[in-house]
Amino acid sequence: MNARKMKAIVATKYGGPEVLELQDVAMPSPKANEVLVRIDASAVTTAETMMRTGIPYIGRLFMGFSKPKYPVTGTSFAGEIIDTGKDVTKFLVGEFVFGESVFGSGTNAEYLCVSEDGVIATLPDNVSAADAAPICDGALTSLNLLREVAGIQAGQKVLIIGASGSLGTAAVQLAKHLGAEVTGVCSTANLELVKSLGADEVIDYKTTDFTKSGKTYDIIYDTVGKSSFGKSKISLTPNGTYLSPVLGLPLLFQMIRTSLFGKKKAKFDATGMKPVPELRKMLLELREILAAGRLKTVIDRQYSLAEVPAAHRYVDKGHKKGNIVITMG
């Protein structure tokens, strides 16, 4: 039996950041088809703060009813492979990798075991662990929603609400990479940041309501769930799509209704629930975009592993720019 221990952040129950504890837990050993990764960096995301609270309650169907089914927090990672199972052929000890742990072992920890066929890829030479760790949150989700769900095409006009967040900063860059004309919506303090990422136009939501501008868009991507299909519909082209990664009852009802009636559509997709081969394929594509220097990670703050509760408190405030990274060094 493996008696080795590692440090990890454990959610003891659902609740505020105070339920997160730094504990000594069993260090994993790789199965025949797994690699053991020494984690150099992970992330804290808005989605993870929702997992911590267990709200919306529908998520408990997957995450555990009374307490988290997977107590170690975190989903994304970057680090070095230090051991491999006997059947592993796709990766070598000493390779640096990044990816996502899908419904299993958490990544706010010193070590992680991942299947070689999982959501994992080698780290490009020009990308640091801190820059790679959040990719499976913002960039992977935005690539899936923009291309696979909304079917983005070159030349289309795309409006991104929450353009300065994790999903938003990735979406601006990916939409430009895919040939779209991009308008970002953010606060006054983040206008220059969003412009620097390639947005053709930036709207300050504190002074301007995009629904009253008279302009229309082929895709409105609400990364933060702050708007709605009903409010945004006037700003969609006749065959336009409103999409969001934040599912609530109003969006659910609009998805059902627009699937049956009208040309303007409301759409949602839970990227993390997609089949692993599909996620891996998108991750490998993102790896090439990263390697080509076409996508950069915006990092707001970095915290140590012991400071994960503080990172959650900061994310809970709702004002982060880009990503929150956890470094193990």
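This is a short talk on a pocket, a cavity, two helix contacts and a ring pair in one structure.

Okay, hi everyone. Before anything else, remember that this is a predicted model.

Let's start with open space, and with the second largest pocket. Its volume comes to about 370 Å³. There are 21 residues in the lining, and the ones nearest the pocket's centre are Ser-101, Gly-104, Ser-105, Leu-112 and Cys-113. So which element gives the most to that lining? That's strand β6, residues 111–115, with five residues. If you're thinking about the chemistry of the wall, eleven of the lining residues are nonpolar, seven are polar and three are charged.

Now for enclosed space. How many cavities of 30 Å³ or more are there? The count is one, and that cavity holds about 80 Å³. Its lining has 13 residues, and if you want to click on the ones closest to the centre, go to Ile-135, Ala-170, Lys-296, Thr-297 and Asn-323. Two elements give two or more residues each to this lining, namely α4 (138–149) and α5 (166–177). The top contributor is α5, with four residues. Class by class, you get six nonpolar, six polar and one charged residue around the cavity.

Let's stay with α4, since it also packs against another helix, α9, which covers residues 276–291. The two axes sit 10 Å apart, and the angle is about 105 degrees. Angles of 65 to 115 degrees count as roughly perpendicular, so that's what we call α4 against α9. On the α4 side, the contact uses Ala-139, Leu-140, Leu-143, Asn-144, Arg-147 and Glu-148. Facing them from α9 are Leu-279, Met-282, Leu-283, Glu-285 and Leu-286. The tally for this contact is seven nonpolar, one polar and three charged residues.

There's another helix pair to show you: α1, residues 46–53, and α10, residues 308–316. Their axes come within 10 Å and cross at roughly 105 degrees, so α1 is roughly perpendicular to α10 as well. Here α1 brings Thr-46, Glu-48, Thr-49 and Arg-52, while α10 brings His-312, Val-315 and Asp-316. What's the class make-up of this contact? One nonpolar residue, three polar and three charged. Put that beside the seven nonpolar residues in the contact of α4 with α9.

Last item, aromatics. The structure has one aromatic pair, made by Phe-229 and Tyr-242. The ring centres are 6.4 Å apart and the planes are at 65 degrees, so we label the pair edge-to-face. For anyone checking the cut-offs, centres have to lie within 6.5 Å, and planes over 60 degrees apart count as edge-to-face. Where do the two rings come from? Phe-229 belongs to helix α7, residues 229–232, and Tyr-242 to strand β12, residues 236–244. The two residues are 13 apart along the chain, and the pair links distant parts of it.

That's my tour. Over to you.

Notes:
Residues are numbered from 1 along each chain as its sequence is written. This is a predicted model: local features need pLDDT of at least 70, side-chain atom pairs count only at pLDDT 80 or more; totals for chains, interfaces and linings use all residues. Side-chain values use heavy atoms; hydrogens and water are left out. On a 1 Å grid over the protein atoms alone, a cavity is a set of points where a 1.4 Å probe fits but cannot get out, and a pocket is an open set with protein on both sides within 12 Å along at least five of seven lines; lining residues have an atom within 4 Å of a point. Grid points are joined across faces, edges and corners, and a volume is the space filled by probe spheres set on the points. Ala, Val, Leu, Ile, Met, Phe, Trp, Tyr, Cys and Pro count as nonpolar, Asp, Glu, Lys and Arg as charged, and the others, Gly among them, as polar. Axes are lines fitted to C-alpha atoms, for helices over the stretch in contact, and angles run from 0 to 180 degrees between N-to-C directions. Angles under 35 degrees count as roughly parallel, over 145 as roughly antiparallel, 65 to 115 as roughly perpendicular and the rest as oblique. Contact means heavy atoms within 4.5 Å. Rings of Phe, Tyr and Trp (its six-membered ring) pair if their centres lie within 6.5 Å; planes under 30 degrees apart count as stacked, over 60 as edge-to-face and the rest as tilted.
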